[in-house]
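This report describes selected features of the structure shown below. It considers one histidine, the cysteines and the nonpolar cores in turn.

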Amino acid sequence: MKPFEPLDSVAVPIMRANVDTDQILPARYLQKPRSDDFGAYLFRDLRFRKDGSEVPDFVLNQEPYRHGRILVAERNFGCGSSREHAVWALYDYGFRAVIAPSFGDIFHSNALKNGLLPIVLPDATVAALLKTISARPGSRMKVDLATQTVVTPDGTTHSFTIDPFAKHCLIHGLDELDYTLTEMQRIIEFERRYAGEVATGPRSDR
Amino acid sequence: MSDTKAPQTLFEKIWSRHRIMERPDGQVLLYIDTHLVQDGSAPAFEMLRRRGIAPRAPHRTFATPDHYVPTDSRDLNTIADPEKRRMAQALMQDSARAGIRFFGLDDPRQGILHVVGPEQGLSWPGTTIVCGDSHTSTHGALGALAFGIGATEVSHVLATQTLWQRKPKTMRIVVDGRLGAGVSAKDIILSIIGKIGAAGAVGHVIEYAGSAVTGLTMEGRLTLCNMSIEAGARAGMIAPDDVTFEYLAGRPFAPAGRDWDEAVAYWRTLPTDPGARFDREVTLNADEIAPMVTWGTSPEDVVPITGRVPDPDTVTDAERRDAIARTLSYMGLKPGMPMTEVPIDHVFIGSCTNGRIEDLRSAAAVVKGRKVAAGVEAWVVPGSGLVKAQAEAEGLDRIFKDAGFQWRHAGCSMCLGTNGDIVAPGKRCASTTNRNFVGRQGPGSRTHLLSPMMAAAAAVTGRLTDVRRLMEGAA
């Protein structure tokens, strides 16, 4: 994972609730290798017609939204399937932060592990933000993870919360697994104790 | 139970038993008892290989291909797309390399992981179960803490048999009363989602309780927990009881002999203690639940079959009005039209939600002696090879085939179409699956979620139909 850097970017509005991971990354691209540019598949069926031409109404086909790195969405963004590919698609396209009133739980956790910052802001704040950035295309926003702040186009600053450990990993580009591996002794001790307990689940070696 | 101890929920008991350590930020490292892997797991194995790490507990890991397998044959070589074929082959190779128990296409135990797990006795009460698939919540029906994870988390579990989690909030959904004829577990969960919304349980683990829940068979409970994720909850669970133990007893990977007795004694301590507190409580009356059907592109867009498509003009909130209008345009529905006037092109009976033997029996009971309506393409895709064999032993396959259904092999199939089984653009499918998202069953596909009985009713009439009318013989 690459370190997360402060953002100053055009903000892109997605004006719909419950944007599921099937819409973000349709299932027919799930077998593609991670080495592919998943940005090409992002919102594929909303962005492109069957013949591959662009759907002009879709926000990412409009200037200057095309180059946005901050996405602003409605409630329950990223609900549905656990596919991490949805995060890869947003990331590969160039997005580094998504702001919404709520996220699908699995999407939220996948995002943090791939350098995409999910930011939860109150309903009313997001609603106002969506209004502003749709009315004034090209409106810029700032996101700073170190200070946990978002600066909206009108200059208002909003704070957001994030797990300190996830923040640490994002800022330094660290994988959680590296940290867990330093705690293997704790896992081994747990397993030793646990082995004496009843009903600890099926095993294929017994 | 010591009376000095604070009352605990089922969830809290499982959580604390699997807690290895806590990080300064409050996240807990949980031990994972059982890891299920399917044919979408190739990226996770690849992440591990790049780091030079071998799976830590292959004996706690079980694999079967379901997403990419063909349902018209049992031969991987018939998968035309080389990338899809490679996904199914990768699972076989990764499992063999790591020493993971694998049920392949030549094995009758192959099937959808969330059907195979309970069927093989892999899903035990009180255990933690994860899988790189959001419908892992299914296994909570047996009193397990079971939830879906992403690819990076799959690689973390493979490497360490653990997972970092922030303790979720708890929600209890109590459904009391009796379900009427023609109403099933699918209608309970669709009603719940209609009530609390698709984000209603985000950040929560649901415990389902009440007489209508404990009165369900294990298969009904599996359907209920399966769609917890469609209500926003990563996990849903039901306290283990005699129904659970009778279901599990004698299954291949269930404990046996003295281990069984000890296990049951432990499992009887798991149900939520009286007086335990939940962060949220929701109640429903089962007597009021009708057969449900979705009209839109989120599982929360749901009405009783006796209802109508919503009319955006009657909605005051502008944003909601636009959203409904956009949805109706995608779905090709007229505002205010009765749900029973919606014609259908496809019927799909199957999936981890409704691909079990009781689902097939209930659908077959409606289909028996009737024919699939002209112009409708109707499929049955059993949830596992063993479900298929059982159905054939009972003659259900004949009932379906005589009526004009296609009787296929086990897999995820048309629920999400990863294997190429898709609904054509603009076509409408009455489907026993779990998601009616835009393009879920194929680009441009239109999905109506409903129960197996309701899907069967739609198949024989060619439109969405109140199955209760067929049961009275009125149609």
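## Surroundings of B:His204

In this predicted model, B:His204 belongs to strand β10 of chain B, which spans residues 204-209. The residue has a relative accessible area of 10% and therefore counts as buried, the limit being under 20%.

A polar atom of the B:His204 side chain lies 2.9 Å from the backbone oxygen of B:Val202. Leaving aside residues up to four places away in sequence, B:His204 touches A:Asp105 of chain A. Within chain B, its contacts on that basis are B:Pro168, B:Lys169, B:Thr170, B:Met171, B:Ala233, B:Arg234, B:Ala235, B:Asp279 and B:Arg280.

## Cysteines

Over all chains, the number of disulfides is zero. B:Cys131 is in no disulfide, and the nearest cysteine sulfur, which belongs to B:Cys412, is 9.6 Å away. B:Cys131 is buried, at a relative accessible area of 0%.

B:Cys429 is likewise in no disulfide, with the nearest cysteine sulfur, that of B:Cys415, 10 Å away. The relative accessibility of B:Cys429 is 0%, so this residue counts as buried.

## Nonpolar cores

The largest nonpolar core comprises 75 residues. Those with the most contacts inside it are B:Leu145, B:Ile173, B:Val175, B:Ile192, B:Tyr208, B:Leu224 and B:Trp267. Helix α6 of chain B (residues 185-196) contributes the most to this core, giving seven residues. Not counting residues up to four places away in sequence, B:Ile192 touches B:Ile173, B:Val175, B:Gly197, B:Tyr208, B:Leu224 and B:Leu284.

A second, separate core has 53 residues, including B:Ile305, B:Leu328, B:Ala378 and B:Val460. In soluble globular proteins, nonpolar side chains tend to be buried together.

Definitions and conventions:
Residues numbered from 1 in each chain as written. Chains lettered and ligands numbered in written order. Predicted model: local features only at pLDDT ≥ 70, side-chain atom pairs only at ≥ 80, totals over all residues. Heavy atoms only, no water. Helix = DSSP H or I, 4+ residues; strand = E, 2+ residues; numbered from the N terminus. Buried < 20%, exposed > 50% of the residue type's maximum accessible area, 1.4 Å probe, protein only. Polar contact = N/O pair within 3.5 Å; in protein donor to acceptor, adjacent residues only side chain to side chain. Contact = heavy atoms within 4.5 Å. Disulfide = S-S within 2.5 Å. Core = buried A, V, L, I, M, F, W, Y, C linked by side-chain atoms within 4.5 Å.
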